[in-house]
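This report describes the overall form of a protein chain and the internal space within it. The sequence and structure are shown first.

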Amino acid sequence: MQFDSLDDIAAFCRDLPVGDARAADAAALRQQALTKPPGSLGRLEELALWLARWQRRESPRLDHVTITVFAGNHGIAARGVSAYPQAVTAQMVANFAGGGAAINQIANLAGADLCVVPIELDRPTRDFTVAPAMDVDEFLGAIDIGYRTVPPDSDLLAVGEMGIANTTTAATLCAALLGGSGEHWAGRGTGVDDAGLARKRETIETAVSFHRAILGNPLAVAAALGGRELAAIAGAILAARRHHIPVLLDGFVATAAILPLASLNAGIMDHCRAGHVSAESGHRALLRELGLKPLLDLDMRLGEASGAGIAILLLRAALSCHMGMATFSEAGVSGAGT
């Protein structure tokens, strides 16, 4: 599918593909027959039904799981909003390729294919305090990269990112689309000191003020105040919806990437789950705004899809119980009311 304009994306969001209620209902009937009190596995039961609904299968599976990490660079890094230099983005991409990052270990453990997609790292977005970060064509190009990266036959997609200064970008999107000050949305990211945090907050306030004329247009905001890796995540989420693939979102940045789409239609979140809530201060508030309840809370703030990757293990546990447990009749166990 090709998005040639912002209107094309908006039109897709207005008429989203839906999950399969019959598959979910059939999975729910199986849950009721398993050898356990009803609801005793808590959210694990809901996750199994969610997989069934969005995979459109009565018997969901996790044979082909994909973790995709998008990387991009940001013009606002020059404003001193990160504790690390921008060169670290490319260096970490090389580390991913060499198998030395946390996400490599997590992907191996979770039985997931890891796909790392650097996007024009030698050409950062513009400093969005003085100009749009991307023009419309650049934004659509990043959306397209993300969209085309998703294997249509995936059973599950986990999305994350790498990009020095991108927590500032995420916080700016939140301030622009949800309101609130730079102080409310800005956290320490990679570990900036007090002076760096003050610069970060000022950057957010300046950017929102500079672009105030477009704040009513979520996709224009995503282009002007976003980043290539965030746009690519949005594109991947659109592709996953098109192909009926459930999605695990990683931390603050990956969740902020869906915010412009959710501002058009909150239903875009139905095929998504928050893999975790990160220690980045704005993430919990953003999840609350979006009505997403995180699966894990481990005080992580690494990015690179690490929290979503660990949540895959939780989904595997949910699926193993759903598909592997015996029913009351199979086990010869008396059920409730018998």
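## Cavity and overall fold

The lining of the largest cavity comprises 11 nonpolar and two polar residues, with no charged residues. The model in which this cavity is found is a predicted one. A search of the whole structure yields one cavity of 30 Å³ or more, and the volume of the largest cavity is about 90 Å³. Of its 13 lining residues, Phe139, Ala222, Ala234, Ala257 and Pro260 are the closest to the centre.

Four helices each contribute at least two residues to the lining of the largest cavity: helix 6 (136-149), helix 10 (218-225), helix 11 (228-242) and helix 12 (252-264). These elements belong to a protein chain with 15 helices and five strands.

The following table gives values for the chain as a whole.

| Property of the protein chain | Value |
|---|---|
| Span of the C-alpha trace along its principal axes | about 70 × 40 × 35 Å |
| Buried share of the 338 residues | 57% |
| Exposed area | about 13,300 Å² |

The radius of gyration of the protein chain is 20 Å, which agrees with the value near 20 Å for a compact globule because the chain has 338 residues. Carbon and sulfur atoms supply 52% of the area that the chain exposes.

Contacts were also considered by sequence separation. Among those between residues at least 6 apart in sequence, 79% join residues at least 24 apart.

Terms used
Residues are numbered from 1 along each chain as its sequence is written. This is a predicted model: local features need pLDDT of at least 70, side-chain atom pairs count only at pLDDT 80 or more; totals for chains, interfaces and linings use all residues. Side-chain values use heavy atoms; hydrogens and water are left out. On a 1 Å grid over the protein atoms alone, a cavity is a set of points where a 1.4 Å probe fits but cannot get out, and a pocket is an open set with protein on both sides within 12 Å along at least five of seven lines; lining residues have an atom within 4 Å of a point. Grid points are joined across faces, edges and corners, and a volume is the space filled by probe spheres set on the points. Ala, Val, Leu, Ile, Met, Phe, Trp, Tyr, Cys and Pro count as nonpolar, Asp, Glu, Lys and Arg as charged, and the others, Gly among them, as polar. The radius of gyration is taken over C-alpha atoms; the globule rule is 2.2 Å times the number of residues to the power 0.38. Buried means under 20% relative accessible area, exposed over 50%, partly exposed in between (1.4 Å probe, protein chains only). Contact means heavy atoms within 4.5 Å. Accessible areas come from the Shrake-Rupley method with a 1.4 Å probe; for residues, only the protein chains shown count as cover.
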